[in-house]
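Trainee: Got a minute to go through this fold with me? I'd like to start with what sits inside.
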Amino acid sequence: NFYHVSISDWREKKKKLMSLVDWNDPQCQFPDHYTDYHKHMRAKNGRPPYTEKFINIFQKELVEFANRNDCDITVTALWAQKYTHMQNMEPHTHGASGYSAVLYADFYGAPQEATRFWAPFKNPVDSLDFTHCPKVKQGDLILFPSSLIHWARPNTSDNPRTIFSFNLQFHKRS
């Protein structure tokens, strides 16, 4: 199941969100994108120092997602990524269990594209692959099963495509 959420009070939340990250950190600059993922995965708990602030900013949306699934959730990983002109992310998954999310912080629409998803099965009618590219706008959050293959095609825009991504684990409520 996909969950598509438009963040409430986006302008205010975006100001807080974008100030959490050092966008000029040379450790996070790679040829095909900016990411602080590797820097923080080396840390003791694999979470950046801004994790609790992030959770507080988006507490309303996270609680709603947990309630819709009748469970509690834990953010197990969080990172920021930015794609400038012609930068991309290769197909990958986030593991075999839980949910992952993409929050579109800077996203300006065409020619930019949202994350693409690839179903783990073929269309039974024509044997073609199922792919899906959701229609999103800045301030949208997509939550999806972590095991789903996804990728970002090259950003053909001169505007940056900035996302925050995170992984969630479910916990049954007592």
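Trainee: Which residues touch the most other members of the largest nonpolar core?
Mentor: L17, F54, L103, L143, F164 and F166 do, out of 30 residues in that core. A nonpolar core here is a set of buried Ala, Val, Leu, Ile, Met, Phe, Trp, Tyr and Cys residues joined through side-chain atoms within 4.5 Å, where buried means under 20% relative accessible area with a 1.4 Å probe, protein chains only.
Trainee: And which strand gives the most to this core?
Mentor: Strand 6, with four residues; helices and strands are DSSP runs numbered from the N terminus (helices H or I, at least four residues; strands E, at least two).
Trainee: Is this model predicted or not, and what do the values use?
Mentor: This is a predicted model, in which local features need pLDDT of at least 70, side-chain atom pairs count only at pLDDT 80 or more, and totals for chains, interfaces and linings use all residues. Residues are numbered from 1 along each chain as its sequence is written, and side-chain values use heavy atoms, with hydrogens and water left out.
Trainee: Back to F54: what is it in contact with, leaving aside neighbours within four places in sequence?
Mentor: F54 contacts L17, L20, L78, L103, F164 and F166, contact meaning heavy atoms within 4.5 Å.
Trainee: New topic: in what order do the strands of the sheet come?
Mentor: The order is 1-9-6-11-4-3-2, an open sheet of seven strands with antiparallel pairing; two strands pair if DSSP finds at least two bridges between them.
Trainee: How many bridges join strand 6 and strand 9?
Mentor: Five, in the antiparallel sense. V102, for one, has I142 in strand 9 as its bridge partner.

Notes
Buried < 20%, exposed > 50% of the residue type's maximum accessible area, 1.4 Å probe, protein only.
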